[in-house]
Amino acid sequence: MAEQKALTIPLTYDQVKGLRAGDLVTITGTIYTARDAAHKNMTEALSAGEALPMNITDQVIYYAGPTPAKPGRVIGSCGPTTSGRMDAYSPTLLAEGLRGMIGKGPRSPEVIEAMKQHGAVYFAAVGGAAAVISDSITKVDVVAYEELGPEAIRKMEVVDYPCVVAIDSFGNDLYKLGVEKYKQTEPTT
Amino acid sequence: MREISTRTITDKVRELCIKAAYDLPEDVEVLLKQGLEKEESDFGKYSLDKIIKNVSLARHDHVPMCQDTGITVILVRLGQQVKIVGGSMTEAINEGVRQGYTDGYLRKSVVADPLLNRVNTGDNTPAVIHTEVVEGDALHIQILPKGAGSENMGAVKMCKPSEGMDGVMDFIVDSVTNAGGNPCPPIIVGVGIGGTMDQCTLLAKKALARHAGSAHPEPGYAEMEQQLLERINRLGIGPQGFGGRVTALAVHIETFPTHIAMLPVCVTLNCHAARHTEATL
């Protein structure tokens, strides 16, 4: 496998242009969690002409809703959720300057087109490996929509958070390339 | 009559909810480890390795293996010689879920209304409870915390009887193909065949509750499970959908008699965190 590339936030256009589907990366810096209800709120705010609760230019959004932290811990288990549910909202946020997204599972052609247009990248973390992932998170603060509970927007400090570049800014898609490579035809009987 | 108190039920449900979230049953873990040995793709091996390490860490640290600790599906087999004392069984079960999800620091993922008012109930209740009255004086409780990533990718089809074995198999394989990397493969595929539309969906859930990798007692269905597993693992989806050989760990089929004009089929998927716990009171 390829060597891991260390990325730091903010993620610049030039950094993103150097990434290819299938690259292993680690992410260090501040990222924001947001999932279904937070995405709905954010895009509604934008269409009402209001500001987002945080500046997303060159930032990375992590599709996640953690379990509550046990006493003495920074956070509970915090793995990625299915990204496809955010597809309806992502092109709007990419147009606002969002540079990266972390989740799991394939994205729609519309999202991939917006990623190519604006120069953005989609990272996949291993879904269901939530306890291991939490070890990379060092600080967490709720910054918006606290009433949404697990769906609130959280600002997180991450150190060496491991991900795979699933879809790059040129539209190369590991979910298609990988499956094509291993797909076997039915044996003839 | 044998008396079982609602308090006993609440305590047991609480314990089972927490255990399910922290401790993946060994039957699933064995299949994951066998999967790692079989997998050829680098990204598949990378994913399975992380998944297996995560299972150990969650068990050791007493934390949820996945942040989606699910909507709580509970299969109850109530012996007809049992008398529940101290209140309602349904409320006792929901109280157990409430306590388990709170005391176990599990995520509360249930909204009060599906469409008009998607406000979190704050305690993961109500659970989805299926009760079957059976002979005897025991109360059997099985808990399947069901995450949305896999549950959202299920499918039902009212097949025509003329579609036969080929049509049913194609529908099951196509459902897995359409799910792709979304349900967190490697998955366990639960299939319900027969009954009515509602019953085949419950059969599919019961199929997921089986010991992972166990074969159907009837040789014809056991062979169908094996053939489906082989076909699904030729799709190339692989762990996490990154491409690979291990897309499913097992296929389980459950059946029920049906109408002369019907052939209902339900496919329900479980992610690799195929959590299931049970107890008999």
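User: What makes Arg210(B) and Glu225(B) count as buried?

Analyst: Both residues are buried in this predicted model, a class that requires under 20% relative accessible area, with exposed set at over 50% and partly exposed in between (1.4 Å probe, protein chains only). The model is predicted, so local features need pLDDT of at least 70 and side-chain atom pairs count only at pLDDT 80 or more, whereas totals for chains, interfaces and linings use all residues. Side-chain values use heavy atoms, without hydrogens and water, residues are numbered from 1 along each chain as its sequence is written, and chains are lettered from A and ligands numbered from 1 in the order in which they are written.

User: Why is the pair Arg210(B) and Glu225(B) called a salt bridge?

Analyst: The closest N and O atoms of Arg210(B) and Glu225(B) are 3.0 Å apart. A salt bridge is a side-chain nitrogen of Lys or Arg within 4 Å of a carboxyl oxygen of Asp or Glu, so the pair qualifies. Arg210(B) lies in the loop between helix H7 (197–208) and helix H8 (219–232) of chain B and Glu225(B) in helix H8, so the bridge ties together parts 15 residues apart in sequence. Helices here are DSSP runs (H or I, at least four residues), as are strands (E, at least two), numbered from the N terminus.

User: How do you know that Glu29(B) is buried and Lys33(B) partly exposed?

Analyst: Glu29(B) has a relative accessible area of 8%, which places it in the buried class. Lys33(B), at 40%, counts as partly exposed. These two residues form a salt bridge with closest N and O atoms 3.6 Å apart. They are four residues apart in helix H2 (residues 26–38) of chain B, which means a separation of about one helical turn.

User: Why is Cys266(B) not assigned a disulfide?

Analyst: A disulfide is a pair of cysteine sulfur atoms within 2.5 Å. The closest cysteine sulfur to that of Cys266(B), in Cys200(B), is 5.2 Å away, which is too far for a bond. Cys271(B) is likewise in no disulfide, with the nearest cysteine sulfur, that of Cys184(B), 6.1 Å away. The count over all chains is zero.

User: What makes Asp61(B) and Arg73(A) a salt bridge across the interface?

Analyst: The side chains of Asp61(B) and Arg73(A) meet at 3.4 Å, N to O, and therefore satisfy the salt-bridge rule. The rule finds one such bridge between chain A and chain B. At this interface, 46 residues of chain A are in contact (heavy atoms within 4.5 Å) with 44 residues of chain B.
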